[in-house]
4 protein chains.
Amino acid sequence: MYDKLIRNIKVGVIGCGYWGPKLARNFNAIPGADLHIVSDLRKDRLDHIAGLYPGVRVTRDYRELLDSGVEAVAIATPVSTHFEMAKAALDRGKHILVEKPLTDDSAQAQELVDLAQDKGRVLMAGHTFEYNPAVDFLRDFIAGGKLGQVYYINATRVNLGIFQQDINVVWDLAPHDISILLYILGMEPTNVSARGSAYVQPGIHDVAYLTLRFPGGIMADVRVSWLDPCKIRRITVVGSLKMIVYDDVEPVEKIKIYDKGVDMPPYSDTLEEFRLSYRYGDITTPAIDSAEPLSLECRHFLDCIRYDRTPRSDGAAGLRVVRILEHAQQSLLNGGEGEAISW
Amino acid sequence: MYDKLIRNIKVGVIGCGYWGPKLARNFNAIPGADLHIVSDLRKDRLDHIAGLYPGVRVTRDYRELLDSGVEAVAIATPVSTHFEMAKAALDRGKHILVEKPLTDDSAQAQELVDLAQDKGRVLMAGHTFEYNPAVDFLRDFIAGGKLGQVYYINATRVNLGIFQQDINVVWDLAPHDISILLYILGMEPTNVSARGSAYVQPGIHDVAYLTLRFPGGIMADVRVSWLDPCKIRRITVVGSLKMIVYDDVEPVEKIKIYDKGVDMPPYSDTLEEFRLSYRYGDITTPAIDSAEPLSLECRHFLDCIRYDRTPRSDGAAGLRVVRILEHAQQSLLNGGEGEAISW
Amino acid sequence: MYDKLIRNIKVGVIGCGYWGPKLARNFNAIPGADLHIVSDLRKDRLDHIAGLYPGVRVTRDYRELLDSGVEAVAIATPVSTHFEMAKAALDRGKHILVEKPLTDDSAQAQELVDLAQDKGRVLMAGHTFEYNPAVDFLRDFIAGGKLGQVYYINATRVNLGIFQQDINVVWDLAPHDISILLYILGMEPTNVSARGSAYVQPGIHDVAYLTLRFPGGIMADVRVSWLDPCKIRRITVVGSLKMIVYDDVEPVEKIKIYDKGVDMPPYSDTLEEFRLSYRYGDITTPAIDSAEPLSLECRHFLDCIRYDRTPRSDGAAGLRVVRILEHAQQSLLNGGEGEAISW
Amino acid sequence: MYDKLIRNIKVGVIGCGYWGPKLARNFNAIPGADLHIVSDLRKDRLDHIAGLYPGVRVTRDYRELLDSGVEAVAIATPVSTHFEMAKAALDRGKHILVEKPLTDDSAQAQELVDLAQDKGRVLMAGHTFEYNPAVDFLRDFIAGGKLGQVYYINATRVNLGIFQQDINVVWDLAPHDISILLYILGMEPTNVSARGSAYVQPGIHDVAYLTLRFPGGIMADVRVSWLDPCKIRRITVVGSLKMIVYDDVEPVEKIKIYDKGVDMPPYSDTLEEFRLSYRYGDITTPAIDSAEPLSLECRHFLDCIRYDRTPRSDGAAGLRVVRILEHAQQSLLNGGEGEAISW
């Protein structure tokens with residue numbers, strides 16, 4: 001009944017590659033959203049969409065989409081086109097959700113942030129994991145002090161494919177981990193370094209390692225690869241009181257909290273006396289809401305439009321991720337030297 | 001019957017911490033070896049050994065062990081004492097097996113190599129994994145060309161504890177992975193960098209990441225930590241034809257060979273045409289001999305003494321690992337800058 | 001292009017509980033099918049469907065669906081209603097796909113088989129697993145003799161919920177395993193027994209074990225439960241040459257072929273000499289097509305209509321499963337006594 | 001220091017097959033025990049033992065062992081010889097630990113119980129799992145009411161080999177599960193049935209399923225097999241409040257407690273209203289003591305001798321298991337018919 005009372009929002013989706021159809025499916029299914037039109041350059045992709053949603057318009061020209069009367073637009077095209085399309089959409093007064101990374105250039109990301117501000121429109125970055133209930137759990141656990149002092153974080157995001165042609169693996173996969181890190185730690189890194197190699201496509205790194213240094217001595221390591229036999233999506237957060245593993249590939253036990261740690265003895269006069277005290281306690285797997293993160297993200301986008309709110313992953317969040325990616329890219333080209341970042 | 005004919009070798013073990021008792025157990029059980037004497041500074045450790053092996057002598061003075069008539073000595077003491085003890089043993093004409101890393105200083109490692117050469121005695125580094133049947137399989141698979149061109153290797157060796165007091169986690173855990181890398185690739189790295197942090201004991205890194213660059217563009221990344229909730233011992237080797245995962249924690253499926261890969265199309269005129277071709281084939285888990293690596297290592301040591309052979313992991317191999325560790329340590333202190341290594 | 005040439009088939013789906021929406025989604029997405037109308041007694045379920053497929057008619061009266069001009073009907077209602085609805089649909093000349101089990105009574109199943117025969121219409125039982133590529137692999141492997149002589153099969157299908165109110169766990173879950181067994185073995189059991197208990201709903205067994213005896217000494221054991229903390233969908237097939245595990249919960253390694261076995265020595269004069277010879281060989285995980293089984297099933301149904309073919313899981317297959325279920329039910333009530341089945 | 005004060009007990013071990021060497025290792029290592037003599041019919045097994053424990057006597061005649069001045073005897077020979085050896089040992093006034101099953105005949109087991117009583121000697125059955133900390137946890141959890149009402153238990157104990165020649169798989173493997181069931185439930189079954197087949201050795205079942213019915217409607221199912229590609233040692237206990245899985249193959253997470261369940265609504269006027277309420281809560285993995293169960297068992301045996309106590313797994317417990325096995329064997333031969341057991 002409640003759903004009947006909320007205002008319906010007409011939505012257009014630009015891009016029908018990997019994410020576009022998922023966005024279309026969600027906007028079609030969410031009450032209060034009206035999937036109105038979808039665009040892509042490829043006719044076969046549009047035919048596919050038309051087959052699934054007979055009432056939805058399709059077009060090869062995204063400007064036609066922008067002029068079709070939609071109020072909100074989701075952009076899921078190759079990164080290099082984000083800026084142009086996002087700018088055009090904001091110029092026409094649309095609220096926009098842009099897939100990650102927001103742009104491939106921080107100056108352009110800043111321009112979008114400013115433009116959205118001027119136009120009074122919602123600009124949201126598609127940082128899906130910030131809408132993942134498991135990541136929310138992590139954030140609350142850390143913020144509530146249950147982990148103790150955060151020591152370090154290790155993130156791995158690897159599998160075979162999908163290779164991108166306009167960006168390397170750092171720009172493709174690391175945005176997820178960087179947005180998660182910023183979200184759960186509530187702070188920005190002061191230094192980033194990256195190392196990697198390009199094996200399949202010359203000049204396009206397909207394997208990379210990032211090291212981010214945060215205030216308070218927190219270190220975070222991110223491994224990303226398009227060239228690994230196994231799909232691994234795993235984040236380990238080690239604190240002084242507890243340790244947590246978040247494994248996104250696990251169907252049920254996504255989060256495991258380990259009551260494990262090690263303490264220094266208060267004093268030790270001699271080396272013989274020296275003993276670290278280990279704690280090997282219970283492991284707890286909290287029940288995590290199994291809602292689809294992308295659905296929660298799309299609902300959040302619609303709510304921000306409806307009630308004039310700032311999205312959790314707003315343009316500024318998107319810009320922060322792009323700035324870190326730029327520094328990582330710089331380090332990658334400099335042989336892994338650390339790049340300081342000022343905020 | 002054959003066992004009756006081989007010459008019995010009297011063995012002494014110095015050090016009864018973590019590895020010493022394992023060496024003692026093996027030398028006690030292997031036909032053709034005679035566990036004669038064990039030394040340690042701690043009386044309770046010696047009592048423990050005496051309880052297990054009533055016929056074996058124990059002493060708190062390792063020089064007494066050296067003078068007890070043993071022909072071979074295994075040294076499993078803290079790293080900082082390796083050089084002194086190894087030197088004393090070689091000086092007294094003993095064949096020696098020294099736990100990894102060989103020493104904490106490459107000049108001293110070189111001195112041991114030279115001394116063993118002068119004395120005509122076996123100097124073996126305890127690189128256990130070079131005697132692991134799964135690692136042998138990896139080496140043969142790569143050498144036989146079945147993996148194609150090696151692209152990169154990712155190694156992870158983490159768990160909670162055991163913290164060392166005289167060396168950091170790089171010196172403690174990375175020797176395993178470095179010796180494996182050198183053994184399976186059959187070459188040395190030209191550059192190494194390392195990043196890490198010290199959380200529990202000030203100044204002693206307990207978390208670290210190494211990146212090694214080998215000839216031919218091969219990159220190897222090693223993650224080591226004493227501060228992780230899970231025990232992970234996993235090496236991924238990615239080649240142009242196949243990919244392999246070696247998981248030492250798996251009781252049965254230690255090696256998995258993935259017939260997976262990605263190929264560039266021979267040509268592509270337009271971006272639209274561009275298509276990488278992915279291969280998702282069968283996975284094969286070869287049957288691996290389940291013999292205990294340490295037992296194989298001890299038998300190899302005895303055979304080298306008996307038949308005057310050079311050990312697989314000889315002093316030179318031990319020295320190579322120490323040199324790489326020194327460069328990694330240098331990088332760790334330099335903020336992760338890459339260190340070139342000349343061979 | 002090819003898809004354009006095939007005849008479009010108008011489909012109706014009766015029932016929007018657990019399976020109905022999955023059938024609707026597939027018939028909406030498959031080229032050559034036209035999801036025309038959906039019925040359910042519950043208005044909220046119809047609203048949900050209407051929200052997802054704005055162009056599809058909905059009705060609370062399944063007879064309206066039958067009179068709506070559809071050519072094919074999928075029935076996914078509670079089992080007790082299958083017969084009435086299937087009969088009504090066949091009477092009106094519809095081709096029908098009926099969810100498993102076909103009916104709750106073998107006489108009625110026989111009547112449907114006869115009626116479909118008379119009317120010249122397709123009657124297909126929704127034995128989804130017969131369209132599962134992993135099950136196909138199993139069947140081919142056995143049929144090709146690669147497993148050797150089949151010894152026994154163990155099947156486990158358990159998790160928490162979903163409790164049914166009109167049938168017990170044997171009728172709810174075991175049809176999957178029984179249809180798989182008949183399909184991969186290509187024969188019928190000669191005897192079935194069952195044991196179980198009813199814990200949550202008085203009189204409705206929620207835990208049960210079935211034992212099926214097939215010709216040639218093959219034994220198959222099936223464990224089904226609505227009351228287990230873990231979701232397990234696992235079938236082990238042991239043969240004289242190889243052993244296979246099919247784990248449907250595994251995202252990637254669904255099938256594992258173990259080159260394991262045990263052989264009797266040709267002769268042994270004394271007990272001392274007696275030695276069974278074990279074979280512990282490689283494990284192979286074949287690449288299995290990841291197509292959705294329900295999609296393949298729906299396409300098969302449409303093809304059978306279009307080209308006048310007999311479905312793989314035809315009415316006779318559905319009847320066989322119902323007859324085995326009836327005997328299992330009889331045994332369940334008789335304290336587990338074996339029930340002979342004549343074919 | 002404490003260890004110095006306890007009385008040393010001289011122990012002999014009869015049988016050096018699979019379990020004997022494990023017993024020898026433990027009695028050699030435990031303070032307060034003195035592994036004095038070992039016997040076996042096979043000279044090569046004795047040579048092996050003599051190599052490991054140079055100070056220990058070996059003999060091919062178990063009567064020599066009995067006359068060697070030992071106070072306690074552990075019997076780890078084929079089941080068919082247990083009675084003769086156990087009787088001879090008790091007759092000579094020895095305390096005895098007999099591997100499971102106690103005997104292959106309940107009348108003989110009863111005779112041993114009576115004889116031990118007459119002689120005032122310890123008679124202990126080697127039900128190792130009753131000394132397993134994970135099983136203790138299970139027992140305490142159930143006894144403490146945390147699981148609620150126990151509904152049913154599923155136990156699986158399968159792998160490839162080791163085939164026995166004098167007993168079938170029920171007598172070989174099921175004693176473990178039966179002793180666990182009796183221990184954690186604290187009651188005896190009133191009915192047992194069994195089904196199985198003999199594939200490799202004619203007449204010796206290598207695959208079997210047991211169903212045990214306990215008071216209060218508790219059902220327990222046990223699957224045992226020597227002919228399975230995977231090693232599975234898993235027990236699921238389902239209660240009205242919680243569910244527990246005990247997986248003995250897991251190196252760390254041996255016990256998982258699932259806060260899962262299903263409740264009937266207090267009332268429901270119509271079928272439409274009917275809704276079972278599911279509970280999907282946290283999963284907890286308690287830290288379990290990693291002590292070796294066999295070491296705890298051997299220490300318990302010595303303590304019972306030293307302090308004149310009745311063992312946890314005394315002769316009566318061994319007899320109960322033998323009686324259940326006899327009824328299971330009867331059912332196995334009767335085509336799976338349930339056998340009532342009176343206590």
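## Salt bridges in chain A

The side chains of Arg7(A) and Glu71(A) form a salt bridge, with an N to O distance of 3.0 Å. This pair links distant parts of the chain, 64 residues apart. Arg7(A) sits in the loop between helix H1 (2-5) and strand S1 (9-14). Glu71(A) sits in the loop between helix H4 (62-66) and strand S4 (72-75). Arg7(A) has 38% relative accessibility and so counts as partly exposed. Glu71(A), at 23%, also counts as partly exposed. The model is predicted.

Asp67(A) and Arg92(A) make another salt bridge through their side chains, at 3.2 Å, N to O. Asp67(A) belongs to the loop between H4 and S4 of chain A, and Arg92(A) to the loop between helix H5 (82-91) and strand S5 (95-99), so the pair ties together parts 25 residues apart in sequence. Asp67(A) is exposed at 55% relative accessibility. Arg92(A) is partly exposed at 38%.

## Salt bridges elsewhere

Over all chains, the structure holds 71 salt bridges. One of them joins the side chains of Arg42(B) and Asp40(B), at 3.0 Å, N to O. The two partners differ in burial: Arg42(B) is partly exposed at 32% relative accessibility, whereas Asp40(B) is buried at 7%. Salt bridges with shared partners also join Glu253(A), Lys256(A), Glu253(D) and Lys256(D) into one network.

## Strand S13 of chain B

Strand S13 of chain B spans residues 255-263. Is this strand mostly covered or mostly open? Mostly covered: seven of its nine residues are buried.

S13(B) has strand partners in S12(B) and S14(B). Strand S12 (residues 243-247) pairs with S13(B) in the antiparallel sense, over four bridges. Here Val245(B) stands opposite Lys256(B). Strand S14 (residues 277-285) also pairs with S13(B) in the antiparallel sense, over six bridges. There Ile257(B) stands opposite Thr284(B). In a regular strand the side chains alternate between the two faces of the sheet.

## Chains C and D

In this contact, 49 residues of chain C meet 49 residues of chain D. The two chains bury about 4,300 Å² between them, and carbon and sulfur atoms give 62% of that area. Leu160(C), Tyr199(C) and Pro229(C) supply 16% of the area that chain C buries against chain D, more than any other three residues.

How many salt bridges are counted between chain C and chain D? Zero. Polar contacts are present across this interface: 22 residue pairs, both residues at pLDDT 80 or more. On the chain C side, strands S7 (150-160), S8 (191-197), S9 (207-213), S10 (219-225), S11 (227-239), S12 (243-247), S13 (255-263) and S14 (277-285) each supply at least two residues. S11(C) gives the largest share, eight residues.

A turn of 180 degrees and a shift of 0.0 Å along the axis lay chain C on chain D with an RMSD of 0.0 Å. The C-alpha of Glu337(C) is the nearest to the axis in chain C, at 3.0 Å. The copies meet through the same surface, because 100% of the interface residues of chain C are also interface residues in chain D.

## Ser193 of chain C

Ser193(C) is found in strand S8 of chain C. It counts as buried because its relative accessibility is 6%. A polar contact of 3.1 Å joins its side chain to that of Arg195(C).

Leaving aside neighbours within four places in sequence, Ser193(C) touches Tyr209(C), Leu210(C), Thr211(C), Ser331(C), Gly336(C), Glu337(C) and Gly338(C). Arg195(D) is also in contact with Ser193(C).

## Chains D and B

Four residues of chain D and four of chain B make this contact. The chains bury about 430 Å² between them, 43% of it on carbon and sulfur atoms. Asn28(D), Ala29(D) and Leu52(D) supply 67% of the area that chain D buries against chain B, more than any other three residues. Zero salt bridges are found across the interface. Two residue pairs are in polar contact, both residues at pLDDT 80 or more. Helix H2 (20-29) and helix H3 (43-52) of chain D each supply at least two residues of the side that touches chain B.

Chain D can be laid on chain B by a turn of 180 degrees and a shift of 0.0 Å along the axis, with an RMSD of 0.0 Å. The two copies are thus related as by a two-fold rotation axis. Of the interface residues of chain D, 100% are also interface residues in chain B, so the copies meet through the same surface.

Key:
Residues are numbered from 1 along each chain as its sequence is written. Chains are lettered from A and ligands numbered from 1 in the order in which they are written. This is a predicted model: local features need pLDDT of at least 70, side-chain atom pairs count only at pLDDT 80 or more; totals for chains, interfaces and linings use all residues. Side-chain values use heavy atoms; hydrogens and water are left out. Copies are superposed by least squares on the C-alpha atoms of residues with pLDDT of at least 70 in both. Contact means heavy atoms within 4.5 Å. Buried means under 20% relative accessible area, exposed over 50%, partly exposed in between (1.4 Å probe, protein chains only). Two strands pair if DSSP finds at least two bridges between them. Buried area is the accessible area (1.4 Å probe) that two parts lose on being put together, summed over both. A salt bridge is a side-chain nitrogen of Lys or Arg within 4 Å of a carboxyl oxygen of Asp or Glu. A polar contact is a pair of N or O atoms within 3.5 Å; within protein, one must be able to donate a hydrogen and the other to accept it, and residues adjacent in sequence count only if both atoms are side-chain atoms.
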